Amino acid sequence: MAKAYLLYSQAAALEPGNQLYWLRSQAVRSRAALEAKPLPKQILSTGSGANPEDAELEITPASSEDLAEARKPLPPRELKAAPVRKTFRRVADAKALFETVAHAYGLDVVFDGDYEAGKPIRFQMDDVDYRDALHGLEAATASFIVPLSERLFLVAKDTPQKRNDVEPMVAVSIPLPEVTNPQELAGIVTAVQQTMAIKKIGWDTQQNVVVLRDTLSRVLPAQRLFQDLLYPRAQVNIELEFLEVAKSDLNKYGLTIPNAFPLYALTTAWNNKPDIADGLAGLLGFGGGKTLIGIGISNAAAIAQLTQSTGRVLLKGDLRSLDGQAASFHVGERFPIMTSGYFGPSNFTQGGTVYTPPPSFNFEDLGLSIKATPKVHGLDEVTLELDASYKVLTGALVDGIPVVSNRELKSTVSLKTGQWAVVAGLVQAQEVRALSGIAGLSRVPFLGPLTRTTTKQRDSSAVLMLLRPKLVTLPPDQVVTHTYYLGSENRPVTPL
């Protein structure tokens with residue numbers, strides 16, 4: 001049988017268009033494997049106490065042979081049967097039942113060389129397609145099917161030895177998205193390995209593909225499962241608006257009456273030279289001779305002054321991120337602030353120069369900085385973890401260092417998709433009233449307003465931060481995934 005298998009395989013290789021040679025090689029393949037000497041099973045070396053089965057499931061770099069095997073055309077993934085539904089009620093042996101079911105759907109069947117028909121059994125199924133009929137017949141006869149072409153399939157007894165001998169080993173390559181996270185990929189590989197018990201999974205980092213290698217009944221469902229798990233997380237677009245409104249009113253009214261009167265010695269005695277300041281409306285003199293003294297008198301003025309100023313800052317931006325991944329946004333400038341410097345003399349008394357160390361600076365991020373982490377809950381709700389700050393220069397100095405005004409917010413908010421929310425607000429109001437005039441007279445009723453100046457100043461500011469999340473892509477739990485019929489662990493079902 002081993003020699004026959006080799007001869008049929010060589011004939012099929014010389015004449016690929018002749019399917020007879022290839023079908024006969026598959027028919028004697030199982031008996032040829034029994035005549036061959038068994039090879040020792042190779043197990044990866046593991047540490048002390050490690051499980052050899054776990055070592056076989058480790059992800060390894062994909063070799064060039066694995067990639068070449070993955071590029072080869074796979075056996076047919078499904079049979080091209082007639083799209084009809086049939087009803088079966090017959091008592092016959094396994095071979096007759098398989099031939100009856102195959103011919104009912106326009107298919108052909110060949111049997112393994114060691115396949116035995118067995119005793120007659122009763123097979124009954126109502127209104128089924130070819131997949132349900134063949135899967136039911138597999139369970140009833142303890143057999144498994146291997147598609148050979150679009151119209152032909154092979155039937156063999158479902159034993160571990162027969163599966164190793166007859167069921168083809170295949171390799172498939174799955175391209176990965178460029179943004180695949182290594183940690184996420186490791187989790188997907190672990191999930192596929194534990195679910196489908198794939199013997200070998202390789203990862204080619206240069207071509208960014210994953211290669212699965214195992215039997216046909218395990219690789220094809222594992223490939224679809226891997227593709228479903230690779231579906232990206234939901235993308236969220238966050239619309240941001242930052243609004244700051246500042247308003248200032250200054251009113252100043254009243255009479256400015258001088259509250260200080262200079263005295264001047266107008267005599268020329270003792271070599272005195274009278275010196276009168278400019279801007280005086282007149283002098284009030286008293287005394288005479290050597291005691292002549294003048295009192296300076298300034299003009300009074302009426303004041304009516306109004307100053308108003310309004311400022312508005314509106315920042316708009318969009319953030320796009322994935323579910324559970326933080327997104328950062330900053331608008332503003334990096335302002336240098338000197339933290340240390342040398343302010344000593346530049347020369348010694350002897351004339352020698354000294355080393356002047358360069359100053360050191362810290363760059364402060366002025367403007368608006370936001371870090372948002374969205375978490376999607378279905379289609380209707382998004383939770384945002386926010387860390388926002390708004391920094392501006394106040395204009396004041398402390399030891400020559402500018403003072404920075406900082407407003408920070410750390411919060412978690414849950415929103416409906418497409419709903420605006422005010423996540424931060426700050427309102428400030430300040431009112432100042434000042435009186436200036438002649439001491440004592442400025443507070444006398446009825447007379448006070450005529451002898452004083454009144455200043456009123458009102459300052460107000462409001463800061464609002466608004467957010468609105470929108471879903472760009474659906475979350476993975478809202479996407480329709482594949483449905484798999486795998487069978488049991490010891491008797492997996494081959495896709496038909």
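## Close-up views of a predicted model

**View 1. A nonpolar patch on the surface brings together Leu441, Val444, Leu447 and Leu450.** These four residues make a patch of about 300 Å². This view, like those that follow, comes from a predicted model. To find your way in, start with Leu441, which sits in the loop between β19 (421-437) and β20 (452-471). Is Leu441 buried or exposed? Its relative accessibility is 35%, and because values between 20% and 50% fall in the middle class, Leu441 counts as partly exposed.

**View 2. Three strands, β3, β6 and β5, form an open sheet with mixed pairing.** Follow the strands in the order β3-β6-β5. At the edges stand β3 (108-111) and β5 (143-147); each has a single partner strand, so one side of each is left without a neighbour in the sheet. On average, neighbouring strands here are turned by 30° against each other, direction ignored.

**View 3. Strand β6 (residues 152-157) pairs with β5 in the antiparallel sense, and with β3 in the parallel sense.** How many bridges join β5 to β6? There are 5, while β3 and β6 pair over 4 bridges. A good place to pause is Phe153 in β6: this residue is the bridge partner of Pro147, and Phe153 is also the bridge partner of Val109.

**View 4. Helix α6 (residues 94-104) lies across β3, β5 and β6.** The helix runs at about 155° to β3. Now look at the two faces of β3 itself: which residues are on its covered face? They are Val109 and Phe111, whereas Asp108 and Val110 belong to the uncovered face. Val109 may be familiar from the previous view, as the residue with Phe153 as its bridge partner in β6.

**View 5. A second open sheet has 4 strands, paired antiparallel in the order β15-β16-β17-β18.** Which strands stand at the edges? They are β15 (327-340) and β18 (401-416), and each has a single partner strand, so one side of each is left without a neighbour in the sheet. Neighbouring strands of this sheet are turned by 15° against each other on average, direction ignored.

**View 6. Strands β17 (residues 381-398) and β18 pair over 15 bridges.** The two strands run in the antiparallel sense. To trace one of the pairings, begin at Leu386 and step across to Ser411, its bridge partner in β18.

Terms used:
Residues numbered from 1 in each chain as written. Predicted model: local features only at pLDDT ≥ 70, side-chain atom pairs only at ≥ 80, totals over all residues. Heavy atoms only, no water. Pairing = 2+ DSSP bridges. Axes fitted to C-alpha atoms, helices over the stretch in contact; angles between N-to-C directions. Contact = heavy atoms within 4.5 Å. Patch = residues over 30% accessible without salt bridge, like charges linked within 9 Å, V, L, I, M, F, W, Y side chains within 5 Å. Areas by Shrake-Rupley, 256 points an atom, 1.4 Å probe, with all protein chains shown as cover. Salt bridge = Lys/Arg side-chain N within 4 Å of Asp/Glu carboxyl O. Buried < 20%, exposed > 50% of the residue type's maximum accessible area, 1.4 Å probe, protein only.
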